[in-house]
Amino acid sequence: MNRPRIFLSAVSEELRTARQAVAATVRTLGFDPVSQDDFPTGYGELRNWLREQIDSCEGLIQLVGHGYGAEPPEADPDYGRVSYTQFEFLYASAKKKKTWVIVIGDDYQRDKPIDQLDLPRKAGRAKPRAYQTERQKLQKKYIARLTRENHLRHTANNDIELQNIVLRMRDDLGELRKQWEELLKKVDEIAEASRLTTEKIRAHLLQTAEETHRRELSEADAIKDWRERQRLRESADNAMLRG
């Protein structure tokens with residue numbers, strides 16, 4: 001039986017390890033985690049893949065830190081200039097998915113120091129600090145929006161706190177799993193009803209064909225000319241075979 005899925009969102013260069021820790025905890029709660037780590041090479045534009053994955057998930061957990069992260073080559077038509085990580089949350093919210101946002105505190109051990117985040121990936125780029133400052137402002141603007149819309153309710157300063165926050169989501173995740181199982185049950189019931197309907201139609205057609213065959217044989221037997229009688233019987237038998 002398939003398991004429901006939860007999308008895990010975070011800036012990889014900053015919080016990949018934290019995201020992997022959340023994935024392990026989510027699995028113990030009966031969900032399969034999905035993240036950008038699963039993006040297949042050569043698939044195409046990342047946002048299309050993200051839409052497909054989030055659509056198939058029951059909810060999204062986002063870890064919010066200082067990093068802005070990688071962004072699409074052009075502003076998103078729906079959300080403006082956003083990073084891929086910000087896009088994940090905004091798209092999930094627009095699709096009415098259940099979302100949880102966990103703020104990663106300054107004391108949390110990151111994969112890359114805060115002052116090294118969002119620097120240009122290409123060496124030799126002019127004014128790398130200006131490049132970084134611009135993205136830091138975009139991330140602060142995003143956090144301000146989350147605060148304004150009351151999404152920031154959890155803060156983790158270490159691995160234990162992060163794990164406990166996810167474990168406290170057990171009731172919410174359990175309700176999501178229940179809804180998913182009820183939906184799966186309805187899908188199975190529809191499939192079963194469709195199968196039974198197909199079988200009923202097939203049985204009805206077979207019964208009709210047999211009745212027609214018997215009637216045609218009876219009509220053939222009433223013919224006095226034996227050649228015509230034989231021709232009609234063979235015609236009825238052939239029609240039955242074709243049916």
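**Notebook: salt bridges, cores and a cavity**

I began with R3, which counts as partly exposed at 31% relative accessibility. The model I am reading is predicted.

*Entry 1, salt bridges.* I wanted to know what R3 pairs with. R3 forms a salt bridge with D32, and the closest N and O atoms are 2.9 Å apart. I then placed the two residues: D32 is in strand 2 (residues 32–34), while R3 sits in the segment before strand 1 (5–9). The pair is 29 residues apart and links distant parts of the chain. D32 has a relative accessible area of 30%, so I logged D32 as partly exposed.

A search of the whole structure gave me 13 salt bridges. I looked up two more of them by name.

The next one joins R110 and E14, with 2.6 Å between the closest N and O atoms. R110 lies in the loop between strand 4 (98–104) and helix 4 (128–148), and E14 lies in helix 1 (residues 12–28), so this bridge ties together parts that are 96 residues apart in sequence. Are R110 and E14 buried or exposed? I found both of them buried.

E149 and R145 were next; their side chains meet in a salt bridge at 3.2 Å, N to O. I noted E149 as partly exposed at 37% relative accessibility. R145 is also partly exposed, with a relative accessible area of 34%.

I also checked for shared partners. Salt bridges of that kind join E45, R47, E74 and D76 into one network.

*Entry 2, nonpolar cores.* How many residues does the largest nonpolar core have? I read 23, and the residues with the most contacts inside this core are I6, I61, L63, I102 and L162. I listed the elements that give two or more residues to this core: strand 1, helix 1, strand 3 (59–64), strand 4, helix 5 (159–167) and helix 6 (170–221). Helix 1 provides the largest share, 5 residues.

I took L63 as a case to follow. With neighbours within four places in sequence left aside, L63 is in contact with S9, A10, L15, A18, R19, V22, I102, I104 and L162. Another core, of 19 residues, lies apart from the largest one; F7, V82, L90 and A92 are among its members.

*Entry 3, the cavity.* I searched the whole structure for cavities of 30 Å³ or more and got 1. The largest cavity holds about 50 Å³ of space. Which residues line the largest cavity? I wrote down V11, Q62, L63, V64, G65, G67, Y68, S83, T85, Q86, Q139 and Y142. L63 is thus on my list for the lining as well as for the largest core.

By element, strand 3, helix 3 (84–94) and helix 4 each supply at least two residues of this lining. Strand 3 gives the most, with 3 residues. I sorted the lining residues by type and got 5 nonpolar, 7 polar and no charged.

*Entry 4, R135.* I finished in helix 4, where R135 lies. Is R135 buried or exposed? The relative accessibility is 8%, and buried means under 20%, so I put R135 down as buried. Beyond neighbours within four places in sequence, R135 is in contact with Y68, E71, R81 and D118. Y68 was already in my notes as a residue of the cavity lining.

Notes:
Residues numbered from 1 in each chain as written. Predicted model: local features only at pLDDT ≥ 70, side-chain atom pairs only at ≥ 80, totals over all residues. Heavy atoms only, no water. Salt bridge = Lys/Arg side-chain N within 4 Å of Asp/Glu carboxyl O. Buried < 20%, exposed > 50% of the residue type's maximum accessible area, 1.4 Å probe, protein only. Core = buried A, V, L, I, M, F, W, Y, C linked by side-chain atoms within 4.5 Å. Contact = heavy atoms within 4.5 Å. 1 Å grid on protein atoms, 1.4 Å probe; cavity = no way out; pocket = protein on both sides within 12 Å on 5 of 7 lines; lining within 4 Å. Points joined across faces, edges and corners; volume = space filled by probe spheres on them. Nonpolar A, V, L, I, M, F, W, Y, C, P; charged D, E, K, R; others polar.
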